[in-house]
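Please look through the sequence and the model before reading on, and keep both at hand while you follow the paragraphs below.

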Amino acid sequence: MAVPLDFTPLEEIDKLHGDLKAGFRSGKLKSLAYRKYQLLQLAYLIKDNEKRFESALASDLGRPSFEAHFLEIGPSIGETKTAWANVEKWAKPEKPAFSINFTFMRPVIYKEAKGVVLIISPFNYPVWLTCGPMAAAIAAGNAVVIKPSESTPAISALFAELIPKYMDNDLVRVVNGAVPETTKLLSLPWDHILYTGGGRVGKIVAAAAAKHLTPVSLELGGKSPVIIDPNCDLQMTAKRILWGKVVNAGQTCVAPDYILVPRSFQDTFVQALKDAHDKFYPGAGGSAEPEAFSRIISPQAFKRVKGLLDNTKGTVVDVKADDSLMSEEIFGPLLPIVPVDDVDEAITFVNDRDHPLALYVFSQDQQFKSKVFNNTLSGAAVANETVIHPGADGLPFGGVGPSGYGAHTGKFGFDMFTHLRSSMDSPSWIDKILGFRYPPYTAKSISSLSKLSPSLPPRPAGPPSVESLKRKWWGKWFFLALALALAGGLTQRAKTLIGRA
């Protein structure tokens with residue numbers, strides 16, 4: 001039974017927006033100590049209510065408790081703690097690279113908060129993709145409105161209850177609702193918008209933001225392919241791909257969407273997937289066993305995914321490029337297998353479509369992996385793993401082209417919500433050097449200016465040779481190893497001679 005969700009009255013949204021602008025201008029978050037206080041409050045909001053979040057995820061998504069903690073609760077606490085631990089370092093002003101022309105003007109880059117930001121989070125990871133960006137925005141010194149998904153009423157209601165208790169209401173608010181409430185939010189001027197969801201709504205968000213010249217980050221999705229090398233570690237490959245597809249019932253924006261496998265290897269690979277499936281779900285009920293499998297978010301979503309399967313021209317194996325399963329992002333537990341002749345055909349297949357949010361390769365051959373990565377473009381390029389890279393410390397999470405733009409998580413989230421403010425403080429004596437800039441302009445002005453003009457390296461005789469472009473990466477290491485070996489030999493020879501003496 002769905003949890004009832006109280007929508008935010010439309011007439012309150014304008015006031016809420018104004019209250020947050022006033023809260024931001026109060027300067028509370030200029031204090032790094034206050035930012036850290038709010039971040040720790042957010043971390044404890046999750047920690048104190050782990051069981052309630054677990055129950056809400058089960059109610060909204062049928063999420064097994066293990067997946068609730070592994071995919072959302074743990075990462076949300078971890079990302080918030082990372083922001084708490086690093087905010088002083090991230091917010092510290094930076095000096096640009098040394099330049100003899102400008103160093104005496106004391107150039108510096110300040111990390112300024114953008115203002116009041118809007119975070120529109122999705123249904124599929126409603127905790128992590130709300131709390132992670134919220135932590136980044138607060139660390140950067142912003143006031144925040146979160147708009148959780150109406151498709152996850154238990155989680156959204158829990159946020160509406162807990163945020164006023166744990167967070168400063170002058171700085172963080174929740175707006176719950178559906179299309180009218182989101183439309184109202186998008187009619188207002190924000191200092192940054194982060195939207196996570198599908199491309200169709202992403203275009204609406206970007207168009208609405210453009211009316212106010214609001215910067216936007218879009219985390220979208222698309223069909224993330226997997227390219228298989230027959231020389232892969234087959235059992236590991238099957239397990240990791242299948243897990244990436246079945247976790248959260250396939251409702252992950254970076255889930256493997258389809259497989260590109262050599263025709264001669266297709267049957268072997270499919271059997272390995274079947275074997276992995278039997279090991280994942282050994283019970284009589286298979287994936288229907290309690291705590292075994294998440295559920296599709298809604299009857300409408302289930303109908304859409306089932307329609308893709310019903311309209312296929314065959315099965316999920318030996319799928320053609322024009323099949324219904326290849327018409328859109330699946331976002332469910334279906335995994336089409338597309339046979340190709342070789343890796344070159346696989347690369348062409350990927351490049352003929354929108355740039356995906358993730359591209360996966362399973363191979364033990366570095367040349368195979370490099371060939372795929374160097375000849376494609378995607379939000380992420382991952383070898384021998386699936387799905388978990390958005391949670392990897394130090395890596396940005398973001399798309400390219402139709403899979404989105406902008407990146408967040410960790411320091412990248414802080415940067416997304418930060419304005420880099422250039423500053424200089426130029427002393428009066430600089431005019432003894434740059435006084436020639438003032439009118440009237442004379443020949444002496446031009447002569448003085450020419451002394452500051454940069455010199456260029458010699459003009460190239462022509463493009464580099466093809467052979468130099470193909471030079472093996474290991475060449476320099478070979479010569480280094482050879483030099484070390486010769487040096488070692490000469491040293492040993494010298495020791496021998498000294499010993500004889």
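What follows goes from the helices to the interior, and then to a few places in the backbone.

The model is a predicted one, in which local features need pLDDT of at least 70 and side-chain atom pairs count only at pLDDT 80 or more, while totals for chains, interfaces and linings use all residues. Residues are numbered from 1 along each chain as its sequence is written, and side-chain values use heavy atoms, with hydrogens and water left out.

We begin with helix α2, which covers residues 32-48 (helices are DSSP runs of H or I with at least four residues, strands are runs of E with at least two, and both are numbered from the N terminus). Because the expected span of a helix is 1.5 Å times one less than its number of residues, the 17 residues of α2 should span 24 Å, and this agrees with its end C-alpha atoms, which are 24 Å apart. Among the buried residues of α2 are R35, Q38, L42 and I46, where buried means under 20% relative accessible area, exposed means over 50%, and partly exposed means in between (1.4 Å probe, protein chains only). The buried residues of α2 pack against α3, α4, α5, α6 and α14. Q38 counts as buried because its relative accessibility is 2%, and, leaving aside its neighbours within four places in sequence, Q38 is in contact (heavy atoms within 4.5 Å) with I138, M167 and D168.

How do two of these helices lie against each other? Two packed helices are described by the angle between their axes and the distance between the axes. Here, axes are lines fitted to C-alpha atoms, for helices over the stretch in contact, and angles run from 0 to 180 degrees between N-to-C directions. The axes of α2 and α4 (residues 65-91) come within 9 Å and cross at roughly 170 degrees, and α2 and α4 are therefore roughly antiparallel, a term for angles over 145 degrees, whereas angles under 35 count as roughly parallel, 65 to 115 as roughly perpendicular and the rest as oblique. The axes of α4 and α5, by their side, come within 8 Å and cross at roughly 5 degrees, which makes this pair roughly parallel. The residues of α4 in this contact include L71, P75 and A83, and those of α5 include W128, G132 and A139.

Turning to the interior, the largest nonpolar core has 106 residues, and F53, M134, I163, I228, I259, F269 and F417 are those with the most contacts inside it. Such a core is a set of buried Ala, Val, Leu, Ile, Met, Phe, Trp, Tyr and Cys residues joined through side-chain atoms within 4.5 Å. The largest share of this core, nine residues, comes from helix α5 (residues 128-139). Apart from this core lies another, of 21 residues, among them I227 and V340. I241 lies in helix α9 and counts as buried because its relative accessibility is 0%; beyond its neighbours within four places in sequence, its contacts include I228, I259 and F269.

Finally, some loops deserve attention. R106, in the loop between α4 and β1, has a phi near 55 degrees, a positive value in a residue other than glycine, and R106 is partly exposed, with a relative accessible area of 45%. V387 also has a positive phi, of about 70 degrees, although it is not a glycine, but V387 is buried, at 7%. The peptide bond from P439 to P440 is cis, with omega near 0 degrees, and P440 is found in the loop between α15 and α16.
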